[in-house]
Amino acid sequence: MSPLRSSGLAGHVATTAHVQAAYPFMAETGLGSHGPYIGRDIYGGAFCYDPFHLYNENVVTNPNCLVIGQVGRGKSALLKTYLLRQIVFGRQAWIVDIKGEYAPLARALGVEPIRLEPRGRVTLNPLTPKGGPERQLDLAGSIAAAALARPLKPVERTALHTALNTATETTRGREVTLPDLVQTLLHPDGRIAADLAMTPVQALDATRELALALRELCSGALAGMFDAPTTKGLNLDAPMVVLDLSAVLTASPVALAVLMACATAWLRATIDQESAGEGHQRIVVVDEAWRVLSSLGVGEWLQQSFKLSRGLGVQNVVVMHRLTDLEATGAAGSREVRLAEGLLADTETKVIYAQPQDQIARTRELLGLTDTEAGLLPTLGRGWALWKVGRRSFLVQHRLTPLEHQIVNTDQKMSERNPA
């Protein structure tokens with residue numbers, strides 16, 4: 001018989017949120033007090049999160065993070081405040097921003113975004129030699145694959161390698177740029193033909209498509225952004241570096257993928273050099289990640305970045321609305337889709353905001369959610385997210401200060417009253 005019944009006392013029913021006030025020891029311990037404050041755990045405790053500390057404590061095996069959720073549920077606010085709070089801890093943030101949403105945050109920190117636009121004032125050289133010859137070749141291959149919208153053929157990869165070496169010698173110490181590479185491919189010397197075991201005419205025929213695809217990056221919608229040495233005077237030591245690509249948001253999906261390929265190539269080479277020299281801890285945010293993953297070359301680059309994150313001291317954060325976006329990266333079973341899904345296995349932190357009912361099954365499958373976790377997703381309100389960190393799960397309400405709310409508000413136009 002129940003002790004309450006035997007004593008004649010009526011039982012009392014209460015939620016765990018109320019019971020924890022009477023029994024404080026029932027509150028969730030969270031992940032500890034290290035790192036930035038994120039918000040309130042559903043069990044009442046403060047929720048803090050720092051991937052670098054958690055990695056050192058063997059809570060996670062890598063610092064990488066995935067953030068998904070419907071529009072208007074708080075992804076953007078979380079990311080911006082997370083970056084802002086991490087900067088207090090001495091970290092640096094690098095953001096590939098295709099919608100121009102991070103400019104207010106950057107300016108609040110006294111930083112001007114690096115705005116890329118056709119024939120604009122800023123040029124980034126995606127063939128920068130900062131990461132060394134091997135990295136430079138990898139970057140050239142990624143860009144070429146993105147421009148061709150397919151993997152490189154062996155003959156093209158060999159020609160690209162030889163052309164890059166030839167252009168490096170021809171420029172005599174100046175940075176090799178895309179126009180240099182295009183000219184070398186379109187007007188090959190005997191070296192390229194010899195390496196391909198072809199006549200010069202055969203070599204030109206075999207590499208013409210590659211050369212013309214790269215030339216497209218130096219003209220048209222992308223002209224003036226990636227066809228010259230990197231503009232001098234860019235502040236890469238600022239607490240936040242924002243690559244603003246919003247000026248070409250309306251470009252075709254192929255053009256935007258190539259643009260992101262070039263931008264991320266430059267970013268990766270710069271980080272490689274800086275990380276090797278000073279060992280900064282950085283957070284790299286790639287918004288609308290499915291657009292990047294739709295390019296095989298860039299998908300492979302991102303996969304490599306995920307795997308090298310620990311050695312570089314970098315947390316990669318990829319952002320998307322839903323996991324079915326991954327299916328848009330390529331045909332079913334394609335290398336692109338396998339790369340995209342493979343990134344999930346290399347991501348130890350998953351932040352999941354509300355998902356519509358028709359997305360639950362796929363989300364559960366790809367992220368290994370329990371029935372209880374999957375059942376929560378359609379019910380999550382604005383600012384609430386399921387956090388899966390290593391082997392632990394948390395339901396967290398993100399909280400902002402009034403100042404942060406002004407900086408990160410992306411609904412200002414929707415919430416302004418009609419002056420009439």
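## A helix checked by its length

The expected span of a helix is 1.5 Å times one less than its number of residues. In this predicted model, that rule can be tried on helix H6, residues 133-148. With 16 residues, H6 should span 22 Å, and its end C-alpha atoms are indeed 22 Å apart, so the two values agree.

H6 also has a good number of buried positions to look at: Arg135, Gln136, Leu139, Ala140, Gly141, Ser142, Ile143, Ala144, Ala145, Ala146 and Leu148. Just past the end of H6, Ala149 adopts a positive phi of about 60°.

## The sheet

Now to the strands. Eleven of them, or 11 strands in the order S2-S1-S11-S10-S9-S3-S8-S7-S4-S6-S5, form an open sheet with mixed pairing. Its edges are strand S2 (46-48) and strand S5 (114-115), each of which pairs on one side only.

For a look inside the sheet, take strand S4 (residues 92-97) and strand S7 (residues 282-286): they run parallel and are joined by five bridges. Ile95 stands opposite Val285 of S7.

## Helices packed on the sheet

Helix H4 (residues 75-88) packs on the sheet and touches many strands, among them S1 (37-41), S3 (65-68), S4, S7 and S8 (314-320). The direction of H4 makes about 165° with that of S8.

Helix H16 (residues 360-367) packs on the sheet too, touching S3, S9 and S10. Here the angle to the direction of S3 is about 175°.

## Two loop residues with positive phi

Which loop holds Asn58? Asn58 sits between helix H3 (51-56) and S3. Although not a glycine, Asn58 has a positive phi of about 60°. Its relative accessibility is 68%, and because exposed means over 50%, Asn58 counts as exposed.

Ala197 is in the loop between helix H9 (190-196) and helix H10 (200-215). Ala197 is not a glycine either, yet has a positive phi of about 55°. Is Ala197 buried or exposed? With a relative accessible area of 71%, Ala197 is exposed.

## The nonpolar cores

In soluble globular proteins, nonpolar side chains tend to be buried together. In this model the largest nonpolar core has 51 residues, and Leu214 and Leu245 have the most contacts inside it. Leaving aside residues up to four places away in sequence, Leu245 touches Val96, Asp97, Ile98, Leu116, Leu259, Met260 and Ala263.

A second, separate core has 38 residues, including Leu105, Met240, Val319 and Val408.

Terms used
Residues are numbered from 1 along each chain as its sequence is written. This is a predicted model: local features need pLDDT of at least 70, side-chain atom pairs count only at pLDDT 80 or more; totals for chains, interfaces and linings use all residues. Side-chain values use heavy atoms; hydrogens and water are left out. Two strands pair if DSSP finds at least two bridges between them. Helices (H or I, at least four residues) and strands (E, at least two) are DSSP runs, numbered from the N terminus. Contact means heavy atoms within 4.5 Å. Axes are lines fitted to C-alpha atoms, for helices over the stretch in contact, and angles run from 0 to 180 degrees between N-to-C directions. Buried means under 20% relative accessible area, exposed over 50%, partly exposed in between (1.4 Å probe, protein chains only). A nonpolar core is a set of buried Ala, Val, Leu, Ile, Met, Phe, Trp, Tyr and Cys residues joined through side-chain atoms within 4.5 Å.
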